[in-house]
Amino acid sequence: MLNTTARPKTTSLSTRQITMMGIGGAIGAGLFIGSGQAVAVAGPSVILAFALAGLLVILIMNMLGEMAAANPSSGSFSVYATRAMGPNAGAIIGWLYWIQGVIVIAAEATGAAAIVGSWFPDVSQGTWSLIFVALLTAVNLANVARFGQFEYWFSFLKVAAIMAFLAVGIALVFGLIPGVEATGISNLVANGGFLPNGVVGLCAGLLMVIFAFGGIEIVAIAAAESDDPRTSIRKAVRGVLFRVLVFYVGSALVMVSVLPWTSPELAASPFVAVLTFANIPWIDSIMALVVVVALLSAMNANIYAASRMLLSLSERGIAPRVIQRRSRSNNPYVAVAASVILCSGAVVMNYVAPDVVMPMLLNAVGSTLLVTWGFIALSQLILRIRADRDPSIHLPVRMPLFPYLSILALLMLSGIVVLALFDPASRTQLLMTLGLTVVIGVLNALAQRRSQRLGTAVSIGDDSAAQRTEESEHHGAS
C-alpha cells in the first residue's frame with residue numbers, strides 16, 4: 001500500500017506523545033474561557049451540547065482513523081481528499097488548513113501576549129507575541145522527538161488542570177470541602193429547568209462548543225512521524241476520544257451543577273468562578289497561567305501541523321519545491337520558517353491595525369473546522385465504498401456501522417451549517433470561509449491550467465507521488 005507523500009527518513013514520535021498531542025490540541029482557551037458563553041445561552045443543557053459535539057468528534061475521528069491507518073501521511077485529510085475527489089479538492093483543503101493554522105498561531109500569540117503583558121507592563125504585547133513565536137519556532141526546528149516531548153508536557157499540564165478542576169467540582173457537589181456547603185445537582189433543574197431557553201438555546205450552545213474541539217485532527221498528521229503509524233493512529237484515536245469527551249462533558253457538568261447557569265461570573269470565566277466558589281486562593285493568577293500554557297501549547301501544535309501540511313503540499317507539487325528542504329536532523333525547516341514568517345507578518349499587522357486585521361482574518365477562517373470535517377467525512381464515505389467493492393483490500397481500522405454512522409456525521413455537519421446560517425456572527429464567518437475556499441479553488445485551478453499550458457512535467461496536485469497514488473487507488477480507504 002503506497003503513501004501519497006514521502007515518508008520521513010527517521011520517525012520518533014511515540015504513541016503516548018501523539019495521544020497527548022491530540023488531547024492537548026482539543027483543550028484550549030475555548031474550553032477554559034469560551035465555554036462560559038455557551039452556558040449563558042444554553043443553561044444546563046450545555047451538557048447535552050457538549051455531548052452532541054463529542055458524538056460528532058467521535059464519528060469524524062473514527063473516519064479519519066480508518067483512512068490514516070490505511071495510509072499514514074503528514075498531508076492527512078488533504079491527501080485523502082485528493083484520492084477521493086481529485087487533486088483540486090486536496091489542494092483546496094490543504095491550503096485552507098495551512099492558512100487557518102497560520103492565522104490561529106498569530107491569534108494565540110496575541111492572546112498569550114495580552115495576559116503576560118499585564119504581568120510585565122514594561123514590555124509591549126507585540127514584543128511578547130514575537131518572543132513566543134520565536135521560542136516555539138525553535139522548538140519546532142529541533143528534531144521531532146524534542147518537539148514531541150515539549151508538546152507532551154504542555155498538554156500534560158492542561159490535562160492536569162482539567163483533572164484538578166473535575167476533582168474540585170465533585171468535592172463541591174458532595175460537600176467534601178471544609179467550610180463549603182454541598183451544592184448537589186439542584187442547579188441542573190433550577191432557574192428555568194434543564195432547557196431554560198428551549199431547543200433554540202441548545203442549538204446556540206452547540207454552535208459555540210463545536211469549535212472548541214478543533215485541533216484534535218493533529219493526531220492523524222503526527223502519526224505519520226511515529227515508528228509504527230498504523231498502530232499509533234489506532235491507539236491514539238481511542239485514547240483521545242474517550243479522554244476528551246470525559247473532560248469536556250465532565251467540565252460542563254461541574255460548571256452548571258456548582259453554580260446557577262445565570263451567574264454572570266460563570267459566563268465570564270467558568271473555571272475561575274467554580275474554583276473561587278471553592279475558596280481556592282490566587283485562583284485568578286493560577287487560571288491565567290493555565291490559559292497561557294493552553295495558548296502556547298496550541299501555538300506549538302499548530303506550527304507543527306501547518307508546517308507538515310505545507311510540506312505535504314510541496315511533496316505533491318502543489319507548493320514550491322523548495323519547501324521540501326530538510327535539516328540534518330530531517331526537520332522540514334523551510335516549511336516551518338514559511339509558516340512562521342507569515343504568522344509573524346499577521347502579528348505585526350495586528351498591532352498596526354488591531355481592530356481590523358485580526359478580526360477580519362479570524363472571520364475568514366472561523367468556519368474552517370466545518371469545511372475540514374466535511375472533507376474528511378466525504379472522503380471516507382467515497383473511499384470506503386471503493387474499498388468495500390474490492391475484496392482484496394484489507395483495512396487495519398474500519399469505521400463501525402458503515403455507512404450509517406458516516407451518513408450521520410454528514411447530516412450532523414449539515415445541521416450545524418444550517419444553524420450557523422441563522423446566527424448573524426456565525427453566518428458571517430461561514431460565508432467568509434466558504435468564500436476563501438472558493439478563491440483557493442479558483443486560484444489552484446488557474447495555476448494547474450497554466451502549468452499544463454507550459455507543458456511542465458509537474459502539474460498542480462499531480463507529481464510523481466500523486467501518480468503513484470492513482471495507480472494504487474484501488475486500496476480505497478486512504
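In this predicted model, Leu-195 lies in the loop that runs between helix α7 (144-173) and helix α8 (198-209). The residue is partly exposed, with a relative accessible area of 38%. Leu-195 also takes part in a nonpolar patch on the surface, which covers about 390 Å². Its partners in this patch are Leu-48, Leu-52, Val-189 and Phe-194. Because patch members need over 30% relative accessible area, the 38% of Leu-195 fits with its place among them.

A different setting is found at Val-365, which belongs to helix α15 (residues 357-365). Val-365 has a relative accessible area of 6% and is therefore buried, the limit for that term being under 20%. Once neighbours within four places in sequence are set aside, the contacts of Val-365 are with Ile-99, Gln-100, Ile-103, Thr-433 and Leu-436. A further separation can be given for orientation: Arg-325 is 40 residues away from Val-365 along the chain, and their C-alpha atoms are 28 Å apart.

Turning to the cysteines, the count of disulfides in the model comes to 0. Two cysteines may be described by their accessibility. Cys-203 is partly exposed, at 24% relative accessibility, whereas Cys-343 is buried, at 1%.

The backbone offers several details that a newcomer may like to locate in the structure. The loop between α16 (368-388) and α17 (404-422) holds Pro-403, and a cis peptide bond links this proline to Phe-402, with omega at about 5°. Leu-401 is placed in the loop between α16 and α17 as well. Although Leu-401 is not a glycine, its phi is positive, at about 50°. With a relative accessible area of 60%, Leu-401 is exposed, since that term applies over 50%.

A positive phi is also seen at Asn-279, again not a glycine, where the angle is about 60°. Asn-279 sits in the loop between α12 (270-277) and α13 (283-315). Its relative accessible area of 56% makes Asn-279 an exposed residue.

Taken by accessibility, the residues described here can be placed in turn. Leu-401 and Asn-279 are exposed, Leu-195 and Cys-203 are partly exposed, and Val-365 and Cys-343 are buried.

Technical notes. Residues numbered from 1 in each chain as written. Predicted model: local features only at pLDDT ≥ 70, side-chain atom pairs only at ≥ 80, totals over all residues. Heavy atoms only, no water. Patch = residues over 30% accessible without salt bridge, like charges linked within 9 Å, V, L, I, M, F, W, Y side chains within 5 Å. Areas by Shrake-Rupley, 256 points an atom, 1.4 Å probe, with all protein chains shown as cover. Salt bridge = Lys/Arg side-chain N within 4 Å of Asp/Glu carboxyl O. Helix = DSSP H or I, 4+ residues; strand = E, 2+ residues; numbered from the N terminus. Buried < 20%, exposed > 50% of the residue type's maximum accessible area, 1.4 Å probe, protein only. Contact = heavy atoms within 4.5 Å. Disulfide = S-S within 2.5 Å.
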